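Subject: Structure for you to look at

Hello,

Here is the structure I said I would pass on. Please open it first, then read my notes alongside it.

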Amino acid sequence: MKRISRRQFGKGVAAAAAAAYAGVSLPRFAWGQPQPGHVEYPKGFLWGCATASYQVEGGAKDDGRGPSTWDVFSHTAGKTHNGDTGDVADDSYHLYKEDVQLLKNLGVQVYRMSISWSRVFPTGKAPVNPKGLDYYSKVVDELLKNNITPYVTLFHWDTPAGLDGGWTNRDTSKAFGDYAAFMGKHLGDRVKHWMTTNEFVCFTDLGYQVGQFAPGLKLPPAQVNQVRHHGILAHGYGVQALRANTPSGTQVGLAENASVYVPVMETEEHIAAARKATRLMNAPFLTVLMEGKYPAEYLAKEGANAPKVEDGDLEKISSPLDFVGLNVYTPSYVRASDKPEGFELEQAPASYPKMFSPWIQLSPECIYWAVRNVCDLWKPKAIYITENGTSSDDVLTPEGHVEDTDRVMYLRNHLTMLHRAVKEEYPVKGYFLWSLLDNFEWADGYSKRFGIHYVDFKTLKRYPKLSAQWYKQTIAENAVV
Ligand code: GBH
């Protein structure tokens with residue numbers, strides 16, 4: 001097999017190596033066959049990439065799309081880096097066939113994409129925009145034609161701006177259910193894997209408490225708790241709507257960035273502390289979904305600010321799922337403690353290694369603990385890693401190369417640690433790398449690139465980075481290279 005190499009390796013070095021190995025017969029490995037020592041994934045493990053509508057599509061006003069809160073927010077002065085918006089982004093709205101070819105070239109079996117709610121329902125509710133549905137129908141067909149299975153997220157933060165009050169209004173959760181029913185009815189013949197929402201904390205807390213994300217509000221705790229409740233309620237309505245409007249056998253889950261806790265040491269007491277932290281720190285989100293009620297500790301802490309819950313809400317919210325998707329980037333470290341909650345979080349020292357985004361502390365073991373904590377607590381039927389990846393200070397050389405060795409290091413180490421979870425028989429079915437291509441990184445605009453394909457945002461040309469070659473090889477060998 002001939003390794004892909006874009007660089008002319010120093011001729012002298014190569015000659016010296018050839019001389020040193022003269023007469024030694026080296027083993028040769030065929031494409032798709034792991035080398036000794038490589039961690040090999042089980043047959044049938046699914047490799048994929050992930051993107052989200054507002055981050056890649058552009059075409060913000062095309063064919064009747066209505067505005068989302070992210071259109072409004074990014075067009076508000078001072079909200080995003082450099083005033084960047086998703087107006088054009090990667091223009092995947094027009095270039096989707098090219099993007100499907102990037103996926104095909106990688107050899108992925110699965111692709112995680114999201115639907116822009118306001119492209120299909122411009123105000124968030126009827127009437128429908130048939131051209132919006134057509135677009136997603138074409139993307140799904142293009143993927144299937146290329147033997148790539150679509151995994152569709154219904155909501156990745158781009159709330160229709162026309163929905164009065166956004167997530168402060170309980171009506172938005174109901175509207176989401178109607179939208180989910182419609183999508184299930186119209187794409188469910190071809191889409192067999194659905195995720196309701198992406199990362200509750202980002203569209204609730206970051207949007208309504210911190211103000212860093214759309215709609216940029218800073219509401220008091222009681223209202224924030226209500227927004228959180230409406231977020232998880234939307235998920236509940238969504239699961240029920242998908243069940244009712246798709247053929248049996250359809251797989252329904254969500255993509256959640258449950259906070260990840262890594263025990264300071266692998267001893268029983270610290271491992272137990274990591275489980276306790278996972279349960280309590282994710283109390284208003286994944287914990288309610290999995291347990292069907294708000295933990296007593298959460299309710300006690302929030303007191304009068306606790307969310308108002310109506311009859312039937314918790315039953316919807318905890319509808320059984322076919323899988324839990326975990327978006328994993330970075331953890332916190334935790335230790336056992338005598339405090340009533342039984343754990344204490346560690347502060348990261350200033351010297352803790354970080355990737356290009358300052359919030360990504362490099363800790364590959366977090367992907368193992370993300371899976372293990374959730375599985376040990378709640379035993380979901382299946383787990384997918386619905387996102388994992390990193391930004392990098394990518395530089396496009398005049399020859400069109402990007403040598404993102406830091407991203408390769410990050411991915412290789414995470415996949416090695418994920419393999420530990422697979423080997424220990426946690427039910428991990430697949431992995432979606434974030435992201436297929438550089439895109440609109442929310443408040444960071446275009447200043448942080450997460451793609452394994454570089455995008456020149458002036459020409460919209462895509463260039464495979466070193467990490468794309470690395471991922472292609474990993475998929476081909478079904479082993480970490
Ligand atoms: C995911 O969010 C998203 O699903 C995806 O859309 C996104 O592109 C990807 O990860 C990469 O970010 O600047 O210190 O205040 C990850 C959750 C929430 C993590 C916001 C960074 C800001 C931290 N992100 N958070 S900081």
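**Surface and overall build**

The accessible surface of the protein is about 19700 Å², and 54% of that belongs to carbon and sulfur atoms. Please keep in mind that this is a predicted model.

The protein has 17 helices and 13 strands. Its radius of gyration is 23 Å, close to the 23 Å that the globule rule gives for 481 residues, so the protein is as compact as a globular protein of that length. The C-alpha trace spans about 80 × 60 × 45 Å along the principal axes. Of the 481 residues, 57% count as buried.

If you look at contacts between residues at least 6 apart in sequence, 77% of them join residues at least 24 apart. As for charge, there are 51 positive and 53 negative side chains, and the centres of these two sets lie 4 Å apart.

**Confidence**

The average pLDDT of the protein is 95, and 93% of the residues score at least 70. Where does pLDDT stay under 50? That stretch is residues 1-21, for which the model has 19 contacts beyond four places in sequence. Where pLDDT is low, the predicted coordinates should not be read in detail.

**Backbone points**

Most residues other than glycine have a negative phi, and most peptide bonds are trans. Some places in this model depart from that pattern, and they are listed here.

- The peptide bond from A126 to P127 is cis, with omega near 10 degrees. P127 sits in the loop between α5 (117-120) and α6 (130-145).
- The peptide bond from W434 to S435 is also cis, with omega near 15 degrees. S435 belongs to the loop between β11 (428-434) and β12 (453-455).
- A89 is not a glycine, yet it has a positive phi of about 45 degrees. You will find A89 in the loop between α3 (69-74) and α4 (92-106). A89 has a relative accessible area of 4%, so it is buried.
- N147 is not a glycine either, and its phi is positive at about 60 degrees. N147 lies in the loop between α6 and β3 (149-155). Is N147 buried or exposed? Its relative accessibility is 68%, so N147 counts as exposed.

**Four residues to click on**

The contacts given below leave out neighbours within four places in sequence.

Start with D205, which is found in helix α9 (residues 205-210). D205 has a relative accessible area of 8% and is therefore buried, since the cut-off for buried is under 20%. Which residues is D205 in contact with? They are V210, G211, V224, R228 and F285.

Next are two residues of helix α15, which covers residues 365-378. E365 is found in this helix, and W378 lies in it too. E365 has 25% relative accessibility and counts as partly exposed, whereas W378 has 12% and counts as buried. Leaving aside neighbours within four places in sequence, E365 is in contact with V262, Y333 and M417. On the same basis, W378 is in contact with T278, R279, L286, T287, M290 and E291.

Sequence separation and distance in space are worth checking for both of these residues. W378 and R279 are 99 residues apart in sequence, and their C-alpha atoms are 9.6 Å apart. R279 is also among the contacts of W378. E365 and V39 are 326 residues apart in sequence and 15 Å apart in space, C-alpha to C-alpha.

The last one is K429, which is placed in strand β11. K429 has 38% relative accessibility, so it counts as partly exposed. Not counting residues up to four places away in sequence, K429 touches G44, F45, L46, A382, I383 and Y384. How far is K429 from P398 in space? Their C-alpha atoms are separated by 39 Å, although the two residues are 31 apart along the chain.

Strand β11 therefore comes up twice in these notes: K429 is in it, and the loop that holds S435 lies between β11 and β12.

Regards

Terms used: Residues are numbered from 1 along each chain as its sequence is written. Side-chain values use heavy atoms; hydrogens and water are left out. Helices (H or I, at least four residues) and strands (E, at least two) are DSSP runs, numbered from the N terminus. The radius of gyration is taken over C-alpha atoms; the globule rule is 2.2 Å times the number of residues to the power 0.38. Buried means under 20% relative accessible area, exposed over 50%, partly exposed in between (1.4 Å probe, protein chains only). Contact means heavy atoms within 4.5 Å. Accessible areas come from the Shrake-Rupley method with a 1.4 Å probe; for residues, only the protein chains shown count as cover. Lys and Arg count as positive and Asp and Glu as negative; His and the chain ends are not counted. The place of a charge is taken as NZ of Lys, CZ of Arg, CG of Asp or CD of Glu. pLDDT is the predictor's confidence in each residue, from 0 to 100.
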